[in-house]
Amino acid sequence: MGFTFSVACLLLFVSTSYQLQVKNGTNGYVTYQIGGRRTNVVISAPHGGTLKPGNLPDRPENGCYDSANDECIYQAGCSGDDDVSNCKVLSELGDWNTQHLAVELADSIQARFKGRKKRRPHVVRCELHRSKLDANRDLGEAAFGNAEAALAWEEYHGFIDEAKRAVRGNVFYIDVHGHSLHDWNMIGVLLSKSGSNGFNKAVLPDRLAQYSSIMQLHVDSGVSMEELVRGNTSIGGFLQPFYETAPSPVNKDAGSRAFYSGGYSLRRHTGWKANGIQVEAIYAVRSDETVRKAFADKLAKAIIYWIKNYL
Ligand SMILES: [Zn+2]
């Protein structure tokens, strides 16, 4: 509804700060920095946006609980106990500075490829604050029926799809987030911290690959899930010497800590020929430019190792 018209309205211009081609979504609510022709990497940041346009309604704190079908209907105006307990919505807290971290990660990956433009990753960002749109939810919960927010959601995921199509070969997708639940960074590959398909096991069985966001990479490389998820060459393995991270060789599981295994975007944008991770960065590694760039550089080293050896 109206999406075809909006695509025609996209602006293409050259950004002065990064000298990159950037596509803007309608009203600048979504931006896409186009990567180089030889990159495999697509980076997204759904929750770092700061725009709060007055004409877009705030997303409510909860949806409406439909007890007959045991499901949530995402519309405003429900405040019953069942609605609040069953259909809670995260809207107030954005992932501060992850907009910058996403670009700095792209900078670091390009720098480690000797600055070659053709190896620069694609970067897609939602510039709206999470109180207006949650791009990492399915459409109902994301936009609560608001047409303008829904359009931004379509453009956000449309840009990620476009970036993935531009990649020759297999995709490596990185969804960048921040959390303040505890002091460990988290690397999610859609495996929960516990349960039959969780990573709270002495040795991770390879059968877990089918439930993960790294199945293609596991099958093609022949590297065990144990190594990929928390071995020395896991993403957490590269970060752990410098930053407390789970899972990693030191922190094999998350213990009693909360753990985010990955959300809507990681599920949607990985699968056949597309691998991905959700990065949850603690505040201490995104609070200012200096710490963000240091963290981005270590993360870039890990990602490049994977691209060269496993993808
Ligand atoms: Zn987030």
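Helices in this briefing are DSSP runs of H or I with at least four residues, strands are runs of E with at least two, and both are numbered from the N terminus. With that in hand, N97 is easy to place: the loop between α2 (81-86) and α3 holds this residue. Keep in mind that you're looking at a predicted model. A good place to start is helix α10, which covers residues 289-309, and its crossing with α3, where the two axes come within 8 Å.

**Helix α10**

- Helix α10 runs for 21 residues, and its first and last C-alpha atoms are 30 Å apart, close to the 30 Å expected at 1.5 Å a residue.
- Which residues of α10 are buried? They are R292, F295, A296, L299, A300, I303, W306 and I307.
- These buried residues sit on the same side of α10, because they cover an arc of only 150 degrees around the axis.
- Turn to the other side of α10 and you'll find T290, K308 and N309 exposed.
- The cover over the buried residues of α10 includes three strands, β4 (41-45), β8 (171-179) and β11 (274-282), along with the helices α3 (98-112) and α8 (235-239).

**Just past α10: Y310**

- Y310 belongs to the segment that follows α10.
- Is Y310 buried or partly exposed? It has 19 other C-beta atoms within 10 Å, and a residue needs 20 or more to count as buried, so Y310 comes out as partly exposed.
- Y310 and S221 are 89 residues apart in sequence, yet their C-alpha atoms are 5.1 Å apart in space.
- Setting aside residues up to four places away in sequence, Y310 touches L217, S221 and V223.

**Helix α3 and how it meets α10**

- α3 has 15 residues and spans 21 Å between its end C-alpha atoms, close to the 21 Å expected at 1.5 Å a residue.
- This helix is mostly covered, with 11 of its 15 residues buried.
- The buried ones in α3 are T98, Q99, L101, A102, V103, E104, L105, A106, S108, I109 and Q110.
- What do the buried residues of α3 pack against? Their partners are β4, β7 (122-126), β8, β11 and α10.
- The axes of α3 and α10 cross at roughly 55 degrees, and the two helices are therefore oblique to each other.
- The crossing of α3 past α10 is right-handed. On the α3 side, H100, L101, E104, L105, S108, I109 and R112 make the contact; on the α10 side, it's R292, K293, A296, D297, L299, A300, K301, I303 and I304.

**Helix α5**

- Helix α5 (residues 147-166) has 20 residues, so at 1.5 Å a residue it should span 28 Å; its end C-alpha atoms are 28 Å apart, which agrees.
- Buried in α5 are E148, A149, L151, A152, W153, E154, E155, Y156, H157, F159, I160 and A163.

**Backbone oddities**

- Some background first: most residues other than glycine have a negative phi, and most peptide bonds are trans.
- N97 isn't a glycine, but its phi is positive, near 75 degrees. Is N97 buried or exposed? It counts as buried, because it has 22 C-beta neighbours inside 10 Å.
- L190 has a positive phi too, about 75 degrees, and it isn't a glycine either. Its place is the loop between β9 (185-188) and α6 (215-221), and with 20 other C-beta atoms within 10 Å, L190 is buried.
- K114, just after α3, takes a positive phi of about 55 degrees.
- Which residues does the cis peptide bond join? They're A246 and P247, with omega at about -10 degrees. P247 is in the loop between β10 (245-246) and α9 (264-269).

**Strand residue I73**

- I73 is part of strand β6 (residues 71-73).
- It has 15 C-beta neighbours inside 10 Å, so I73 counts as partly exposed.
- Beyond its neighbours within four places in sequence, I73 is in contact with G63, C64 and D66.
- How far apart are the C-alpha atoms of I73 and Y156? They're separated by 23 Å, with their positions 83 residues apart along the chain.

Definitions and conventions. Residues numbered from 1 in each chain as written. Predicted model: local features only at pLDDT ≥ 70, side-chain atom pairs only at ≥ 80, totals over all residues. Expected span 1.5 Å × (residues − 1). Buried ≥ 20, exposed ≤ 12 C-beta atoms within 10 Å, placed from the backbone. Arc of directions from axis to C-beta. Contact = placed C-beta atoms within 7 Å. Axes fitted to C-alpha atoms, helices over the stretch in contact; angles between N-to-C directions. Parallel < 35°, antiparallel > 145°, perpendicular 65-115°, else oblique. Left-handed = near helix turned anticlockwise from the far one by under 90°.
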